[in-house]
Amino acid sequence: MRCKVGDLAIVVGINQDRETWAIGRIVQCVSLYEFEGYQCWLLKEPLISPLGIEYVGIYDGALRPICDPGDDAKDEMLRPLPNEVTA
């Protein structure tokens, strides 16, 4: 399982290639269920397609959890640049 209950996750895939509208959306995983032999997550808020179709669940394999990096994480944007090398 990629996600666990309560995780925020980003949609990185969807069950059909033509349905790319959900990629990049952020969802929250509420509970796990099985659908057609696949592990799926019930979502806190449904994903609504451009056609107005509501998706209340999504395959676990289509998600990547957004994890807390921890208290000792360092922001790489704030690290000093290496010294410039001159030829």
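Among contacts in the chain between residues at least 6 apart in sequence, 43% join residues at least 24 apart, and this tour of a predicted model visits several places where such separations can be looked at directly.

**The whole chain**

Begin with the entire chain in a cartoon view, where the secondary structure comes to 0 helices and 5 strands, so that the pattern read along the sequence is β-β-β-β-β. If you then switch to a surface, the chain exposes about 6900 Å², of which carbon and sulfur atoms supply 54%. Colouring by burial would mark 24% of the 87 residues as buried.

**The aromatic pairs**

Next, select the aromatic side chains and show their rings. A pair of aromatic rings is described by the distance of the centres and the angle of the planes. How many aromatic pairs does the count come to? With ring centres required to lie within 6.5 Å, the count comes to 2 aromatic pairs.

Centre the view on Trp21 and Tyr55, which form a tilted pair with 5.5 Å from centre to centre and 45° between the planes. Trp21 lies in the loop between β1 (8–11) and β2 (26–35), whereas Tyr55 belongs to strand β4 (residues 54–59), so the pair ties together parts that are 34 residues apart in sequence. Trp21 counts as buried, at 18% relative accessibility, while Tyr55 is partly exposed, with a relative accessible area of 21%. These two values fall on either side of the cut-off, because buried means under 20% relative accessible area.

Move on to Tyr38 and Tyr59, an edge-to-face pair with 5.2 Å centre to centre and 65° between the planes. This pair also links distant parts of the chain, with Tyr38 in strand β3 (residues 38–48) and Tyr59 in strand β4, 21 residues apart.

**Ser49, beside the tilted pair**

Return to Trp21 and Tyr55 and add Ser49 to the selection, a residue found in the loop between β3 and β4. Which residues is Ser49 in contact with, leaving aside its neighbours within four places in sequence? The contacts of Ser49 are with Trp21 and Tyr55, that is, with both members of the tilted pair. Ser49 is itself buried, with a relative accessible area of 8%.

**Asp7, a buried acid**

Now select Asp7, in the segment before β1, and display the side chains around it. Asp7 counts as buried at 14% relative accessibility, yet Asp7 has no salt bridge. Why does Lys4, the nearest side chain of opposite charge, not supply one? The side chain of Lys4 is 4.1 Å away, and a salt bridge requires a side-chain nitrogen of Lys or Arg within 4 Å of a carboxyl oxygen, so the pair is not counted. The backbone of Lys4 offers a polar partner instead, since the side chain of Asp7 reaches the backbone nitrogen of Lys4 at 3.0 Å.

Widen the selection to the contacts of Asp7 beyond four places in sequence, which are Val27, Gln28, Cys29 and Pro65. Of these, Gln28 is worth a distance label: Asp7 and Gln28 are 21 residues apart in sequence, and their C-alpha atoms are 5.7 Å apart in space.

**Ile66 and Ala62, around the last strand**

Select Ile66, in the segment after β5, which is partly exposed with a relative accessible area of 44%. The C-alpha atoms of Ile66 and Leu8 are separated by 5.6 Å, although the two residues are 58 residues apart along the chain. Not counting residues up to four places away in sequence, Ile66 touches Leu8, Ala9, Ile10 and Ile26.

From there, step back to Ala62, placed in the loop between β4 and β5 (63–65). Is Ala62 buried or exposed? Ala62 is buried, with a relative accessible area of 6%. Beyond four places in sequence, the residues touched by Ala62 are Arg2, Ile10, Val11, Val12, Gly13 and Ile14. A C-alpha to C-alpha label between Ala62 and Ala9 should read 9.6 Å, for a separation of 53 residues in sequence.

**A last stop at Glu36**

Finish at Glu36, which lies in the loop between β2 and β3 and is exposed, with a relative accessible area of 62%. Inspect the backbone torsions here, as Glu36 has a positive phi of about 50° although it is not a glycine.

Technical notes: Residues are numbered from 1 along each chain as its sequence is written. This is a predicted model: local features need pLDDT of at least 70, side-chain atom pairs count only at pLDDT 80 or more; totals for chains, interfaces and linings use all residues. Side-chain values use heavy atoms; hydrogens and water are left out. Rings of Phe, Tyr and Trp (its six-membered ring) pair if their centres lie within 6.5 Å; planes under 30 degrees apart count as stacked, over 60 as edge-to-face and the rest as tilted. Helices (H or I, at least four residues) and strands (E, at least two) are DSSP runs, numbered from the N terminus. Buried means under 20% relative accessible area, exposed over 50%, partly exposed in between (1.4 Å probe, protein chains only). Lys and Arg count as positive and Asp and Glu as negative; His and the chain ends are not counted. A polar contact is a pair of N or O atoms within 3.5 Å; within protein, one must be able to donate a hydrogen and the other to accept it, and residues adjacent in sequence count only if both atoms are side-chain atoms. Contact means heavy atoms within 4.5 Å. Accessible areas come from the Shrake-Rupley method with a 1.4 Å probe; for residues, only the protein chains shown count as cover.
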